[in-house]
Amino acid sequence: MTLQDKRVEFVLKMVSEHYLKSIEDIINSHSKSTKRIFALKFAIYYLYEVFGFTFSELKMIFKRDKSLLSRSTKERSEEH
């Protein structure tokens with residue numbers, strides 16, 4: 001397991017526990033629930049801002065297009 005893998009695992013586990021959503025649900029579900037969307041956006045933001053993941057790396061992890069990833073990082077940074 002690489003350091004990047006450990007970082008992804010850490011963030012997803014932290015977000016999963018905080019939002020009470022399974023990692024599987026956060027990544028693979030297309031549910032519009034507010035909790036799941038916040039969990040997804042927070043995980044994306046944290047990996048991008050804190051650990052410096054690129055949009056290409058995030059696209060492979062979350063299976064989402066770059067426009068959603070970009071919006072997620074901008075929305076979270078505007079809240080802070």
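Here is a quick tour of the helix packing, the core, the salt bridge and a few individual residues in this structure. Keep in mind that this is a predicted model. Helices H3 and H4 pack against each other through a contact of eight nonpolar residues, with no polar and no charged ones. The largest nonpolar core has 19 residues, and H3 gives the most to this core. There is one salt bridge in the structure, and it joins Asp 25 to Lys 21.

**How H3 and H4 pack**

- Two packed helices are described by the angle between their axes and the distance between those axes.
- Here, the axes of H3 (residues 34–49) and H4 (residues 55–62) cross at roughly 145 degrees and come within 10 Å.
- The crossing of these two helices is right-handed.
- On the H3 side, the contact is made by Leu 40, Ala 43, Ile 44, Leu 47 and Tyr 48, while H4 brings Phe 55, Leu 58 and Phe 62.
- Sorted by class, that makes eight nonpolar residues and nothing polar or charged.

**The nonpolar core**

- Among the 19 residues of the largest nonpolar core, the ones touching the most other members are Val 15, Leu 47, Leu 58 and Phe 62.
- Helices H1 (3–19), H2 (23–28), H3, H4 and H5 (66–79) each give two or more residues to this core.
- H3 tops that list with six residues.
- Phe 62 is worth a click: beyond its neighbours within four places in sequence, it contacts Leu 12, Ile 27, Leu 40, Ala 43, Ile 44 and Leu 47.
- Leu 40, Ala 43, Ile 44 and Leu 47 in that set also belong to the H3 side of the contact with H4.

**The salt bridge and Lys 21**

- Side chains of opposite charge can pair when their charged atoms come close.
- In the pair formed by Asp 25 and Lys 21, the closest N and O atoms are 3.5 Å apart.
- Asp 25 has a relative accessible area of 21%, so this residue is partly exposed rather than buried, the cut-off for buried being under 20%.
- Its partner Lys 21 sits in the loop between H1 and H2.
- Leaving out residues within four places in sequence, Lys 21 is in contact with Ser 16, Ile 26, Ser 33, Lys 35 and Arg 36.
- Lys 21 and Leu 58 are 37 residues apart in sequence, and their C-alpha atoms are 19 Å apart in space.

**Two buried serines**

- Ser 16 is part of helix H1, and its relative accessibility is 15%, so it counts as buried.
- Setting aside residues up to four places away in sequence, Ser 16 touches Lys 21, Ser 22, Ile 23 and Ile 26.
- Ser 72 belongs to helix H5 and counts as buried because its relative accessibility is 1%.
- Outside its neighbours within four places in sequence, Ser 72 contacts Lys 41, Ile 44 and Tyr 45.
- From Ser 72 to Met 60 is twelve residues in sequence and 16 Å in space, C-alpha to C-alpha.

**Loop residues to look at**

- Most residues other than glycine have a negative phi.
- Leu 20 is not a glycine, yet has a positive phi of about 55 degrees.
- Leu 20 lies in the loop between H1 and H2 and, with 66% relative accessibility, counts as exposed.
- Lys 63 is not a glycine either, and its phi is positive at about 55 degrees.
- You'll find Lys 63 in the loop between H4 and H5, where it counts as exposed at 55% relative accessibility.
- Val 50 is located in the loop between H3 and H4 and is partly exposed, with a relative accessible area of 47%.
- Val 50 and Met 60 are separated by ten residues in sequence and by 18 Å in space, C-alpha to C-alpha.

How values were computed: Residues numbered from 1 in each chain as written. Predicted model: local features only at pLDDT ≥ 70, side-chain atom pairs only at ≥ 80, totals over all residues. Heavy atoms only, no water. Axes fitted to C-alpha atoms, helices over the stretch in contact; angles between N-to-C directions. Helix = DSSP H or I, 4+ residues; strand = E, 2+ residues; numbered from the N terminus. Left-handed = near helix turned anticlockwise from the far one by under 90°. Contact = heavy atoms within 4.5 Å. Nonpolar A, V, L, I, M, F, W, Y, C, P; charged D, E, K, R; others polar. Core = buried A, V, L, I, M, F, W, Y, C linked by side-chain atoms within 4.5 Å. Buried < 20%, exposed > 50% of the residue type's maximum accessible area, 1.4 Å probe, protein only. Salt bridge = Lys/Arg side-chain N within 4 Å of Asp/Glu carboxyl O.
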